[in-house]
Amino acid sequence: MQVTSSIRETLVTGGKTVRDVSEDISKQVEGKPSNLWWMAFGISVVLLLYGAYCFWILLWNGVGVWGLNKTVGWAWDITNFVWWVGIGHAGTLISAILLLFRQRWRMSINRAAEAMTIFAVICAASFPLAHMGRLWIGPVWSLPLPNAFGSLWVNFNSPLLWDVFAISTYFSVSLVFWYMGLVPDFAVIRDRAVRMGNNTRALIYNALSFGWSGGAKTWMRYESVALILAGLSTPLVLSVHTIVSMDFATSVIPGWHTTIFPPYFVAGAIFSGFAMVLTLLLVTRKVFHLEDYITIYHVELMNIIIIVTGSIVGIAYITEFFIAWYGQVPAEQYAFINRATGPYWWAYWSMMTCNVISPQLFWFKKIRTNLVATFIISIIVNIGMWFERFVIIVTSLHRDYVPSSWSMFHPTMYDIGQYLFTFGLFFSAFLLFAKFFPVINMAEVKSIVKATSEKKH
Amino acid sequence: MLRPPLKRNINMDSNKHFICGVYDDEDVLLSAVEKVRDKGVRIQEVYSPFPVHGLDEALGYRRTRLPIAAFMFGITGTILALFTQTWMLGYDWPMDIGGKNYASLPPFIPVTFEFTVLLSAFGMVGTFFIVSNMKPYGWPRTFDLRSTDDKHIMAIDLADNKLSKDELGRILKDSGATEVNDKNF
């Protein structure tokens with residue numbers, strides 16, 4: 001029997017029954033996509049094609065088409081990589097950490113958030129892959145495979161190699177976790193297809209559901225698998241951004257060489273990830289009429305996480321400055337003064353405004369329960385988090401120890417093109433997911449329908 | 001109502017007869033399972049659209065050993081990763097990187113951890129699919145198509161029980177079933 005505290009808000013509104021859940025969610029998969037969907041998909045594919053052209057030019061000519069120079073050897077590519085990986089973190093936080101904490105409000109948002117994780121990690125991976133130059137051998141050389149040079153093995157002491165393992169493990173485990181959640185829901189669509197007499201759909205969704213039957217024994221094993229996957233994913237997601245931050249923190253560049261990087265990066269990742277979840281879900285909710293499943297209460301709870309993680313990020317920015325002053329290392333002090341007042345001051349102050357000030361507006365209940373305000377702030381936060389990575393990477397590099405080599409970074413159309421490529425990839429993948437897969441975890445929502453929708457206010 | 005398009009998994013010769021109780025509510029179902037089992041009836045399986053907590057205990061199932069499988073796969077990953085890194089950098093081709101030790105434990109931890117998680121997750125999920133006899137081809141034995149929608153189906157194999165069909169039907173009805181259906185495979 002489900003017991004819900006009386007102080008909790010209703011998670012499923014509109015007096016839905018178990019049957020309504022199947023009906024409302026499966027309808028999206030079974031019906032024809034709306035004109036709005038086609039429009040959004042069209043725009044995403046155009047972005048994808050333009051980006052693919054830029055990507056092709058990059059592969060044909062090499063990394064020289066980017067705006068990198070001898071001083072700024074890492075810029076948009078790694079900025080975008082860290083930004084996308086960070087966005088992915090919210091999906092795992094919602095599905096794994098909130099499962100361990102038994103937070104029921106995760107249930108109607110975890111599916112879309114996990115899908116977002118997977119697509120975001122694919123987008124992220126495209127940047128280091130492109131930066132390796134020769135796409136057809138780079139990924140092979142980064143694995144410990146026997147080779148004709150000795151064998152000369154990969155360097156397991158390097159954080160960049162740890163990143164290869166972290167990102168690929170994170171991607172595959174998240175994919176498995178997401179897919180396991182989908183299995184019972186595919187069976188719902190299969191059985192509905194059988195009842196409607198649509199044999200092709202029944203066959204496809206039966207294969208996707210691995211012939212799910214829903215027996216009590218299978219559910220028992222399934223729940224156990226879900227719990228352990230959550231237990232494995234929780235340290236995994238923390239390790240991924242920790243290792244990403246070590247790409248910087250283990251180096252000796254002023255502004256990078258700090259021990260607060262791992263927690264600071266993880267908080268930032270969750271912060272930007274929740275912002276992206278909100279951006280996506282507010283649109284999905286509107287387009288697919290899911291107002292009864294993704295309620296204002298869900299939005300409010302996510303906004304509270306944004307205040308918490310946003311404030312952690314704000315404290316981290318201030319701590320960095322304090323430690324730079326307190327540590328009395330001239331190079332370190334210069335790096336931070338240069339960030340705030342040097343030629344990239346506009347990037348630094350964009351970051352501060354978007355990340356530190358804008359989420360504080362959510363302290364007002366009126367603002368955090370207002371969908372338009374939430375949507376706007378969620379986009380501002382994403383812009384701010386992009387600037388955070390840009391500030392950390394480019395401003396730390398562009399003035400190194402030798403003033404004669406100081407320089408600026410100017411992105412070329414190919415830098416911008418590959419960023420647009422990932423946007424096209426991300427949104428077309430997400431739209432395809434929203435069309436062909438149930439966007440809300442039906443089995444989990446059904447298990448709370450009785451407990452939440454019977455409750456009277 | 002249409003038949004499932006694929007019948008590969010259904011053994012047509014066995015000619016099995018089942019009686020199925022249909023339940024609308026998970027709490028009624030839980031008490032029904034206990035009532036039916038108290039009468040000495042052997043339940044084949046209960047099919048639900050969502051996990052019902054306590055159902056496995058009510059049915060008397062043993063706890064799953066999948067966590068043990070996950071642990072074994074995980075520890076295999078740990079050992080494999082530690083051995084591989086130590087052997088590659090410490091023995092097979094030692095490299096002097098900034099004068100550091102050829103093989104030391106701390107830098108090997110991240111990869112070891114990731115590999116542990118990877119093997120544990122994939123091993124456990126693979127084991128789950130194998131022990132649950134789930135595969136992308138072949139159709140499951142469907143007692144009632146509504147069991148993935150909103151109904152809980154309690155299936156009883158007539159060959160497993162001494163009681164007659166009518167008596168079993170009455171027990172199911174008394175326990176709170178909204179419908180009692182025959183199902184033959």
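**Reading a two-chain model, starting from one methionine**

Biologist: I clicked on A:M116 and found that it touches A:G91, A:M276, A:V277, A:L280 and A:F430, leaving out residues up to four places away in sequence. What am I looking at?

Modeller: One thing before we dig in: this is a predicted model. As for your methionine, the general idea is that nonpolar side chains tend to be buried together in soluble globular proteins. Here, the largest nonpolar core has 188 residues, and A:M116 is among those with the most contacts inside it, along with A:F274, A:V277, B:M124 and B:M154.

Biologist: Which helix gives the largest share of this core?

Modeller: Helix α6 of chain A, residues 159-196, with 18 residues. Chain B joins in too: its domain 1 (17-56 + 140-184) and domain 2 (66-131) both give residues to the core, so the core lies between them.

Biologist: How far apart are the C-alpha centres of those two domains of chain B?

Modeller: They lie 46 Å apart.

Biologist: Now the interface. How do I read where two chains meet?

Modeller: People often describe the size of an interface by the accessible area lost when the parts come together. Here we can count residues instead: 61 residues of chain B are in contact with 57 residues of chain A. On the chain B side, the elements giving two or more residues are α1 (26-38), β2 (45-47), α2 (55-58), α3 (66-92) and α4 (109-131).

Biologist: Which of them gives the most?

Modeller: That's α4(B), with 15 residues. Sort that side of chain B by class and you get 41 nonpolar, 9 polar and 11 charged residues.

Biologist: And how do I judge the overall form of each chain?

Modeller: Go through the elements, then the radius of gyration. Chain A has 16 helices and 0 strands. Its radius of gyration is 23 Å, close to the 23 Å from the globule rule for 457 residues, so chain A is as compact as a globular protein of that length. The C-alpha trace of chain A spans about 75 × 55 × 40 Å along its principal axes, and 51% of its residues are buried.

Biologist: What about chain B: how many helices and strands?

Modeller: Chain B has 5 helices and 4 strands, in the order β-α-β-α-α-α-β-α-β along the sequence. Its radius of gyration is 25 Å, well over the 16 Å that the globule rule gives for 185 residues, so chain B is more spread out than a compact globule. You can see that in the C-alpha trace of chain B, about 85 × 35 × 30 Å along its principal axes. Buried residues come to 39% of chain B.

Biologist: How do I read a single helix?

Modeller: An α-helix has 3.6 residues a turn, so residues three or four places apart point the same way. Try α10 of chain A, residues 296-327: its 32 residues reach 46 Å from the first C-alpha to the last, close to the 46 Å expected at 1.5 Å a residue. Just after α10(A), A:Q328 takes a positive phi of about 55°.

Biologist: Last one: A:V445. Is that residue buried or exposed?

Modeller: Take 20 or more other C-beta atoms within 10 Å as the cut-off for buried. A:V445 has 25, so it is buried. This valine lies in helix α16 of chain A, residues 442-453. Beyond residues up to four places away in sequence, A:V445 touches A:V12, A:V21, A:M107, A:S108, A:Y293 and A:I440.

Key:
Residues numbered from 1 in each chain as written. Chains lettered and ligands numbered in written order. Predicted model: local features only at pLDDT ≥ 70, side-chain atom pairs only at ≥ 80, totals over all residues. Core = buried A, V, L, I, M, F, W, Y, C linked by C-beta atoms within 7 Å. Buried ≥ 20, exposed ≤ 12 C-beta atoms within 10 Å, placed from the backbone. Domains from an automatic or database assignment. Contact = placed C-beta atoms within 7 Å. Nonpolar A, V, L, I, M, F, W, Y, C, P; charged D, E, K, R; others polar. Expected span 1.5 Å × (residues − 1). Rg over C-alpha atoms; globule rule 2.2 N^0.38 Å.
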